[in-house]
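This report goes through one protein chain, from its overall build down to single residues. Keep the sequence and the 3D view at hand while reading.

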Amino acid sequence: MGKKLYHGAAYYPELWDERVIEEDIIEMKKTGINVVRIGEFAWASMEPEEGKYDLSFFKNIINKLHENGIETVMCTPTPTPPIWYSHGHPERMYVDRDGKVMGHGSRQHACTNHPYFRERAALITENIAKEVGSLPGVIGWQIDNEFKCHVSECMCHTCKDLWHLWLKERYESVENLNEAWGTKIWSEYYHSFEQVPQPGPAPFLHNSSLHTMYQLFSMEKIAEFSDGQAEIIRKYSSAPITHNSSVFFSVDNERIFKNLDFASFDTYATIENYPAYLINSDLWRNFKKDRGFWVMETSPSYAASLASYAAPHPNGYLRVEAAAAYALGAEAFCYWLWRQQRAGCEQPHGSVLSAWGKPTVGYENVLEVADLKNEIEPIILSTAPSQAEVAITYSDRGKAFLKTESHRNLNHRSLVTDFYKRILNMGIHRDVVPEGADLEGYKVLFTPFIHYLSSEYIARAREFVEKGGIWIVGPLTGGRTENHTVHTDCALGELEKTAGVEVLYTFPMDDSGTVGRAFDISAPLGMWSSVFEANSETSVGVIEEGLAKGKSFITEHKLGGGKIVMLGSLPIGESGDLQLQKLVHHYSEEANVTLRSDVTQGTIVAPRQGDGFSVWFVINMDGNGGSVTLPQQGVDLQTNTVIEPGKLEIGKFEYKMIQFN
Ligand SMILES: [Zn+2]
């Protein structure tokens with residue numbers, strides 16, 4: 001990996017006969033597919049009876065594909081344990097929040113923490129790695145598939161015991177836990193760790209600490225499971241390892257990718273929601289900064305299952321999806337799936353070939369992606385995504401806190417995507433970064449929607465500010481402790497002291513008639529908000545109507561060479577959006593953000609840096625065309641002609657590559 005671009009598909013040869021496989025390979029070559037991902041649901045084909053392993057079929061397939069110039073990402077099949085594992089063993093199965101025990105079938109039906117599951121999973125992983133790990137066709141590994149996409153925290157007895165051990169490790173004594181969680185409330189008080197329940201059925205909501213800690217426990221356990229598989233694979237193979245994840249699943253992506261070699265994601269966003277597609281690239285690029293990420297799954301046309309289907313992509317959209325991914329740092333763009341399934345619950349899902357072997361409605365678009373990949377490959381390989389100056393912190397742990405405390409059904413993913421979309425639409429090149437990211441190179445940092453900020457994060461952000469950065473914190477950030485309780489020293493704890501503000505009180509501003517004025521715009525304020533003491537030196541946004549009239553909702557505090565800006569509330573509606581745009585604009589100007597263009601909404605600029613030159617990928621995502629002003633003379637790399645500075649028009653689903661020297 002690393003020396004070429006990949007165009008791939010998920011492939012399930014175990015479901016087809018030899019004739020179909022022959023046909024598939026011929027068709028893959030025609031469509032420019034140079035990598036397939038196989039094996040992730042094939043446990044029963046690899047170990048039909050407990051302890052009887054047969055990898056010969058997969059070995060042959062990998063070799064045959066390799067002979068035909070198609071490489072393989074090999075998967076471990078642990079999302080679908082076979083019937084010999086499940087049958088008659090309800091104690092091995094996943095138990096949901098209501099106490100319902102899963103039966104065999106579908107996928108993710110087993111508890112991934114059960115010791116016997118771990119044992120069998122390790123054995124099948126070892127057998128696969130031993131058999132195919134050194135084959136020249138295997139260029140990468142994928143562990144399992146979409147951890148926790150259908151399930152979240154398991155409530156089985158095994159998990160209960162592990163939960164108690166986890167708590168012991170975290171709190172040492174049950175007295176510490178009682179104190180941290182404030183368990184005198186509602187007589188929750190525990191005398192031993194063994195008494196601490198799981199957040200299962202209850203008449204009303206669970207204690208916030210219990211609910212959030214159980215999620216963190218579950219996230220840690222699934223990451224440990226991933227670590228363990230990776231360790232086994234590494235004994236037999238030097239090919240890099242990934243997992244296909246998403247912002248949507250109940251996992252801590254930062255933690256999972258910490259011990260893997262490259263990052264990949266699955267996305268099925270439709271064209272209406274193209275920012276939700278793009279945010280993945282801007283985030284996944286930052287889980288493994290030194291290595292291209294993979295779009296491991298996306299539909300060539302539409303996602304579907306027996307129960308639903310999405311709108312198909314308009315012609316031309318798939319190609320710009322691929323262009324955007326590659327330009328924003330992808331090494332691979334892969335479909336789910338190659339050949340439509342003839343059985344199971346995903347028969348209707350979009351594919352490259354139909355179950356009867358004919359091209360699907362998306363087929364021509366796949367051919368376009370193949371051409372695109374060949375065209376841009378030398379440009380992508382000689383450049384890298386430019387260092388962004390603006391970063392937005394993304395936190396799956398923050399997502400867990402928000403799931404516990406969702407107020408009016410707040411959804412972490414849509415909150416973060418909406419926040420991101422504004423910055424995207426303003427033509428600012430941006431990174432979405434995990435909590436632990438190095439902040440070197442950034443000028444502006446946004447930290448929205450993270451109820452709890454660690455001391456470590458605050459210290460790193462503080463250092464960033466002292467060195468000249470502008471840190472914009474909020475809304476809904478910092479108001480909870482690490483144990484998901486309210487601070488008692490001041491409203492925002494350590495953050496408040498660092499930010500040089502005084503929070504008077506907090507309250508929900510939705511429907512309260514609160515109006516805030518900042519950057520010459522008045523806008524209604526919403527969401528759970530912090531109200532700051534008005535101070536002529538620090539106040540930037542003033543509440544002009546409502547319960548906190550005269551107080552402040554945006555403050556600035558100079559620190560070292562930079563400043564901390566507190567955004568205590570969420571301006572809402574059209575005027576709120578405008579006010580936030582002005583805020584972003586104001587601080588980007590102040591911080592001298594230069595990687596920005598006036599690109600029209602629906603079109604993006606993805607800047608890349610080469611040795612002594614830069615390239616702008618200008619890509620129309622929404623099918624309406626657009627334009628951007630080129631700051632200097634450039635060369636259009638498709639036509640090899642000089643383009644003068646000024647307005648550049650981009651047609652419907654068009655992309656251009658402009659080189660600046
Ligand atoms: Zn369990």
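Domain bounds here come from an automatic or database domain assignment. The model itself is predicted. The assignment divides the chain into domain 1 (1–33 + 262–381), domain 2 (390–590) and domain 3 (603–660). Domain 1 is thus written as two stretches of sequence, 1–33 and 262–381. Taken over C-alpha atoms, the centres of domain 2 and domain 3 are 34 Å apart.

## The chain as a whole

The secondary structure of the chain amounts to 17 helices and 31 strands. Its radius of gyration is 26 Å, close to the 26 Å given by the globule rule for 661 residues, so the chain is as compact as a globular protein of that length. Along the principal axes, the C-alpha atoms fill a box of roughly 75 × 75 × 40 Å.

Of the 661 residues in the chain, 61% are buried. The chain exposes about 25,800 Å², and carbon and sulfur atoms supply 50% of that area. Among contacts in the chain with a separation of 6 or more, 71% are between residues 24 or more positions apart.

## The nine-stranded sheet

An open sheet of nine strands, with parallel pairing, has the order β5-β4-β3-β2-β1-β11-β8-β7-β6. Which strands stand at its edges? They are β5 (241–242) and β6 (244–245); each has a single partner strand, so one side of each is left without a neighbour in the sheet.

Further in, strand β1 (residues 6–11) lies between β2 and β11 in the strand order. Four bridges join β1 to strand β2 (residues 35–38), and the two run parallel. On this side of β1, A10 has R37 as its bridge partner, while Y11 is matched with I38. On the other side, β1 pairs with β11 in the parallel sense, again over four bridges. There, Y6 has A332 of β11 as its bridge partner.

Is β1 buried or exposed? Six of its six residues are buried, so β1 is largely enclosed by the rest of the structure. In a regular strand the side chains alternate between the two faces of the sheet. Both faces of β1 are covered: Y6, G8 and A10 are buried on one side, and H7, A9 and Y11 on the other. Together with helix α1 (residues 18–30), β1 and β2 form a right-handed β-α-β unit.

Strand β8 (residues 293–298) follows β11 in the strand order. Six of the six residues of β8 are buried, so this strand too is largely enclosed by the rest of the structure. Its pairing with strand β7 (residues 264–266) is parallel and has three bridges. In that pair, S264 stands opposite W294 of β8. From β7 the chain passes through helix α10 (residues 274–284) to reach β8, making a right-handed β-α-β crossover. β8 also pairs in the parallel sense with strand β11 (residues 330–335), over four bridges. There, V295 has F333 of β11 as its bridge partner.

The table lists the bridge counts of these pairs.

| Strand pair | Sense | Bridges |
|---|---|---|
| β1 and β2 | parallel | four |
| β1 and β11 | parallel | four |
| β8 and β11 | parallel | four |
| β7 and β8 | parallel | three |

## Two buried residues

H349 is found in the loop between β11 and α12 (363–381). Its relative accessible area is 5%; a residue counts as buried when the value is under 20%, so H349 is buried. Where does its surrounding come from? Leaving aside neighbours within four places in sequence, H349 is in contact with Y268, S299, Y302, A303, A304, W336, L337 and Q340. One of these residues, S299, is 50 residues from H349 along the chain, yet their C-alpha atoms are separated by 8.2 Å.

T447 has its place in strand β15 (residues 444–447). With a relative accessible area of 0%, T447 is buried. Not counting residues up to four places away in sequence, T447 touches T393, L453, Y457, W471, I472, V473, G474 and T477.

Methods
Residues are numbered from 1 along each chain as its sequence is written. This is a predicted model: local features need pLDDT of at least 70, side-chain atom pairs count only at pLDDT 80 or more; totals for chains, interfaces and linings use all residues. Side-chain values use heavy atoms; hydrogens and water are left out. Buried means under 20% relative accessible area, exposed over 50%, partly exposed in between (1.4 Å probe, protein chains only). Two strands pair if DSSP finds at least two bridges between them. A crossover is right-handed if, with the strands pointing away from the viewer, the path from the first strand over the helix to the second runs clockwise. The radius of gyration is taken over C-alpha atoms; the globule rule is 2.2 Å times the number of residues to the power 0.38. Contact means heavy atoms within 4.5 Å. Accessible areas come from the Shrake-Rupley method with a 1.4 Å probe; for residues, only the protein chains shown count as cover.
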